[in-house]
Amino acid sequence: MAVCTAERAPLAGRHFDVLVIGGGVNGVAIARECACRGKQTLVIDQHDFASGTTSRSTRMIHGGLRYLEHLEIGLVRESLRERERLLCQSPHLVRPMQFLLALSNEHRPLMRSSLAIRTGLWLYHSWAGGQRQVTPNYELERQLDAGRSWSVFSYEDAQCEFPERLIAEWLTEAVTAGATARNYTRLLQVLVRNGRVTGARLRDMLTGKEFEIIAHQVVNASGPWVDLVAKASGLKSAQMIGGVRGAHIVLPQFHGISGTGVYTEAVDGRPFFVIPWNGQVLAGTTEVADSGNPDNTQPSADEVEYLFKSFSSLFPHAGLSRADIRYSFAGVRPLPYSPGKKMASITRRHIIHNHREDGVSGMLSIIGGKLTTAMTLAREVARELGIHVKEPANIFAAPAPANGVESSFRHWARLVACKAGIPESCAQAVAGWHGRHALAIAQTASFNPKLRLPLCEHTCHIVAEAAEAVRHEFAVTLADILLRRVPVALGACWSEPCSYQAASRIGCALGWNESLINTEFERFEAEREKFLHPGDYRVPHPPAVVNG
Ligand SMILES: Cc1cc2nc3c(=O)[nH]c(=O)nc-3n(C[C@H](O)[C@H](O)[C@H](O)COP(=O)(O)OP(=O)(O)OC[C@H]3O[C@@H](n4cnc5c(N)ncnc54)[C@H](O)[C@@H]3O)c2cc1C
């Protein structure tokens, strides 16, 4: 595989205290926690970091209003606490978002009476500290199908538009604390002697070389791949994961949606979100049992049809047709295997399975979890590994107008603009994705006009961000750069010519030859196609059947 980095230092024979398999949000959070507590930690991913379920989610950092209905009070409170922590720790990536809860008045069960909902929302607000104000969005409310009778409530949650960037930052922190991070490295087998983990056999997917490392403890955080990893290692554990696929469609923004998401019901009464995201609208999701290889997860035509029907029955006057669907993607929720249970009612709480129960000590597998609660999971895993971790004090993000996030952000962007010699609007985009690290990017950009160029004509993001991604954030391929470190290719107007322009500009700045530019461009387009399915969605599909 042709790549854009220098040769990687060999890992064969090295000793680690902890090996973390899987570089999604959970694996990286665990690796960061262990490394920060002084453990020699290796985190690997068979593909790129954050390329699994983590980049296929709805991207909300939320308490999970609907878990209240399932009486998962503990999970909701924990998620709300973690939401506030993320808002404080990563204010450039995790931002508060207003929501409308829109419920049709036809056939509304008692459980969803206005009184019950108001009480639920009041609790939801109070458990999170109740400091920020909830602002109704009447403009968006007016866009709801006027032919139906609605009850509409306002509440607040949060969004991380790019969990991919959060992972990149957490990885950098883990590595600064001494961890080793290696993408394109597959776990072939966990090595066990006398009922105890001794290490692992790995394959470098770039060179094809296989080798062994020594590890005292192993955490299998491979999301929907957890059972495959356990099986490959010959562990005699019962099935842990019951994969449930969820799909999204991405549409252009429409009048009123800016800044406010909608939580409502799909055509069959299932939960349905319509959320402003990345200058577009994200609508999802589905729940379809999926026991296939997670490498090949795709939304089915039925799911796309179901999502579009649900969207258009909600917003019939948004002026959008099937032809406006820009792309669609799907991921598999690594939920606990629960045969016979309704998918919607399977817990979203994470479970840590200790393989001591299966006769192997020193190995844990992670089942389930959410973006929102990855840091709590990491602390729990560290404790299970015998590391002393105190529960941090609760923090609640300050009320929006007083916390100064926006003004310090603007000030920061001005510094970045000055240093890099780029327009302030571009500096804001750079600072919005890279936070404190934006100044280092500006410094890099200041040396070379090629690094100050935008990645393509439609974006403010610059080549220096790509260069930093390769140098400091383990980006190996063009897709790692454009889909996950500087995810411009998820943007509204990205197309094949943009990909080629970005490949050429990055290649030119990093010294790739013509053949490498072309190879990376072709590989990138193949990965973009496999992940996002951009294309023609005009043709309707027969009525959808989506499991509830
Ligand atoms: C449709 C959908 C919507 C969601 N929405 C939200 C939401 O809005 N908010 C929220 O908080 N949560 C949400 N979630 C849940 C959340 O996204 C997932 O629970 C979380 O991303 C799981 O992360 P993970 O690290 O466990 O798994 P993954 O992100 O899948 O990471 C596992 C990694 O392991 C790697 N791997 C697999 N096998 C091997 C091997 N043999 N060797 C090395 N590496 C390997 C894979 O390449 C992968 O990168 C959603 C999930 C889905 C599917």
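Which side chain does a polar contact of 3.1 Å join to that of arginine 528? Keep that in mind as you click around; the model you have open is a predicted one.

**Stop 1: arginine 528**

Select arginine 528, which sits in helix H17. Its partner is glutamate 525: the two side chains are joined by a polar contact of 3.1 Å. Is arginine 528 buried or exposed? It counts as buried, because its relative accessibility is 7% and the cut-off for buried is under 20%. Now show what arginine 528 touches, leaving aside residues up to four places away in sequence: you should pick up Trp494, Ser495, Glu496, Ser499, His533 and Pro534.

**Stop 2: helix H16**

Two of those contacts, Glu496 and Ser499, take you into the next selection, helix H16, which runs over residues 496-510. Put a distance between the C-alpha atoms at either end of H16 and you get 21 Å for its 15 residues, close to the 21 Å expected at 1.5 Å a residue.

Next, colour the buried residues of H16: Cys498, Ser499, Ala502, Ala503, Arg505, Ile506 and Gly507. What covers them? Turn on helix H14 (463-472), helix H15 (478-485) and helix H17 (514-532), which are included in that cover. H17 is also the helix that holds arginine 528. Before you leave, click glycine 511, just after H16, where phi is positive at about 80°.

**Stop 3: the second largest pocket**

Now jump to another part of the chain. The second largest pocket has a volume of about 750 Å³. To find its centre, select Glu161, Phe162, Asn278, Gly279 and Trp433, the closest to that point of the 31 residues in the lining. Then show strand S4 (94-104), strand S12 (271-277) and helix H11 (424-434), the elements that each give two or more residues to the lining of this pocket. Colour the lining by class and you will see 15 nonpolar, 14 polar and 2 charged residues.

**Stop 4: the cavity**

How many cavities of 30 Å³ or more are there? The count comes to 1, and the space in this largest cavity is about 40 Å³. Select Tyr67, His70 and Glu72, then add Ala344, Ser345, Ile346, Thr347 and Arg348, and you have its lining on screen. By class, the lining of the largest cavity splits into 3 nonpolar, 3 polar and 2 charged residues.

Methods
Residues numbered from 1 in each chain as written. Predicted model: local features only at pLDDT ≥ 70, side-chain atom pairs only at ≥ 80, totals over all residues. Heavy atoms only, no water. 1 Å grid on protein atoms, 1.4 Å probe; cavity = no way out; pocket = protein on both sides within 12 Å on 5 of 7 lines; lining within 4 Å. Points joined across faces, edges and corners; volume = space filled by probe spheres on them. Nonpolar A, V, L, I, M, F, W, Y, C, P; charged D, E, K, R; others polar. Helix = DSSP H or I, 4+ residues; strand = E, 2+ residues; numbered from the N terminus. Expected span 1.5 Å × (residues − 1). Buried < 20%, exposed > 50% of the residue type's maximum accessible area, 1.4 Å probe, protein only. Contact = heavy atoms within 4.5 Å. Polar contact = N/O pair within 3.5 Å; in protein donor to acceptor, adjacent residues only side chain to side chain.
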